[in-house]
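Grab a pencil and have the viewer open for this one. Try each exercise yourself before you read its solution.

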Amino acid sequence: MTDHVLRRARCLVIEALYEAETSGHSAEDAYDRRLHDVAAEDGEVAGKRPSAFGRKVLRGVLDTRDDLDRRLQPVAPRHPVGTLPVVERTILRLALWELLNDNSAPVGAVVNEAVELAHRYGSETSAGFVNGVLRTVSKEISAARAQDPGKPTTTPQET
């Protein structure tokens, strides 16, 4: 298994969250359906680790969506989160959730992964926007962690 399989799992999460937000369908059902659909041609992504990773990320984003939006808004004040294109908003939420809750990948890798997803799913300006927002957020998270490594991560806007 390569790390690229986790990218494919993230793609399924992005697609499920997008579907849920634009159609009102259940994100979990959309993820399960997409996972089932790709399993025949990409059995690796349907494996235990990637599919569980995708479910964890999906559930995490859904459970903390309002908090994620509150954390994102101060870093892009000219772009209210609710007015962002659904793809950009979804990618930012996913990446921020990973930055705050999943230490399996370095901060830079999470940002780079989100930029790749923005290239794949967004407009020609999406990748630059996602990169700028997440670089700012990641610096704040890194600074907060350096100040007190044992304390839950908050950004300066929350203190």
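Below are some worked exercises on this predicted model.

**Exercise 1. Work out how far to trust the chain, and which helix has the lowest mean pLDDT.**

Start with the whole chain: the mean pLDDT is 89, and 91% of the residues reach 70 or more. Next, go element by element. Helix α7 (residues 126-147) has the lowest mean, at 89, while helix α5 (residues 86-101) has the highest, at 96. Then look at residues 154-159, where pLDDT is below 50. That stretch still has eleven contacts in the model beyond near neighbours in sequence. Don't get carried away with those, though: where pLDDT is low, the predicted coordinates should not be read in detail.

**Exercise 2. Find the salt-bridge partner of R7 and say which parts of the chain the pair ties together.**

Step one is the partner: the side chain of R7 forms a salt bridge with that of E113, 2.7 Å from N to O. Step two is location. R7 sits in helix α1 (residues 3-23) and E113 in helix α6 (residues 107-121), so the bridge ties together parts 106 residues apart in sequence. Step three is exposure. R7 has a relative accessible area of 26%, so it is partly exposed. E113 comes in at 12%, which is under the 20% cut-off, so E113 counts as buried. As a check on the surroundings of E113, leave out residues up to four places away in sequence: E113 touches R7 and R10.

**Exercise 3. Where do E98 and R10 lie, and are they buried or exposed?**

First, the pair itself: the side chains of E98 and R10 meet in a salt bridge at 2.8 Å, N to O. E98 belongs to helix α5 and R10 to helix α1, so this bridge links parts 88 residues apart in sequence. As for exposure, both E98 and R10 are buried.

**Exercise 4. Describe the salt bridge between D32 and R55, then say which residues R55 touches.**

Take the distance to begin with: it is 2.3 Å, N to O. D32 is in helix α2 and R55 in helix α3, so the two parts being tied together are 23 residues apart in sequence. Now the accessibilities. D32 has 34% and R55 has 38%, so each falls in the partly exposed class. Then list the contacts of R55, again skipping residues up to four places away in sequence: they are Y31, D32 and L35. For one more spatial check, the C-alpha atoms of R55 and R10 are 9.6 Å apart, with their positions 45 residues apart along the chain.

**Exercise 5. Which residues do salt bridges with shared partners join into one network?**

The total count of salt bridges comes to 16. Follow the ones that share partners and you get one network made of R7, R10, E98 and E113.

**Exercise 6. Classify the packing of α4 against α5 and name the residues that make the contact.**

Two packed helices are described by the angle between their axes and the distance between the axes. Here, the axes of α4 (residues 65-72) and α5 come within 10 Å and cross at roughly 95°. That angle falls in the range of 65 to 115 degrees, so α4 and α5 are roughly perpendicular to each other. On the α4 side, the contact is made by R65, L68, D69, R71 and L72. On the α5 side, L92, R93, L96, W97 and L100 do the job.

**Exercise 7. Compare three loop residues, D42, G82 and E124: where is each one, and is it buried or exposed?**

D42 lies in the loop between α2 (27-39) and α3 (48-63). Its relative accessible area is 18%, so D42 is buried. The side chain of D42 also makes a polar contact with the side chain of R8, at 2.6 Å.

G82 is in the loop between α4 and α5. With 68% relative accessible area, G82 is exposed. From G82 to D69 the C-alpha distance is 8.5 Å, and the two are 13 residues apart in sequence.

E124 is in the loop between α6 and α7. Its relative accessible area is 81%, so E124 is exposed. The C-alpha atoms of E124 and Y31 are separated by 26 Å, with the residues 93 apart along the chain.

Notes
Residues are numbered from 1 along each chain as its sequence is written. This is a predicted model: local features need pLDDT of at least 70, side-chain atom pairs count only at pLDDT 80 or more; totals for chains, interfaces and linings use all residues. Side-chain values use heavy atoms; hydrogens and water are left out. Helices (H or I, at least four residues) and strands (E, at least two) are DSSP runs, numbered from the N terminus. Buried means under 20% relative accessible area, exposed over 50%, partly exposed in between (1.4 Å probe, protein chains only). A polar contact is a pair of N or O atoms within 3.5 Å; within protein, one must be able to donate a hydrogen and the other to accept it, and residues adjacent in sequence count only if both atoms are side-chain atoms. pLDDT is the predictor's confidence in each residue, from 0 to 100. Contact means heavy atoms within 4.5 Å. A salt bridge is a side-chain nitrogen of Lys or Arg within 4 Å of a carboxyl oxygen of Asp or Glu. Axes are lines fitted to C-alpha atoms, for helices over the stretch in contact, and angles run from 0 to 180 degrees between N-to-C directions. Angles under 35 degrees count as roughly parallel, over 145 as roughly antiparallel, 65 to 115 as roughly perpendicular and the rest as oblique.
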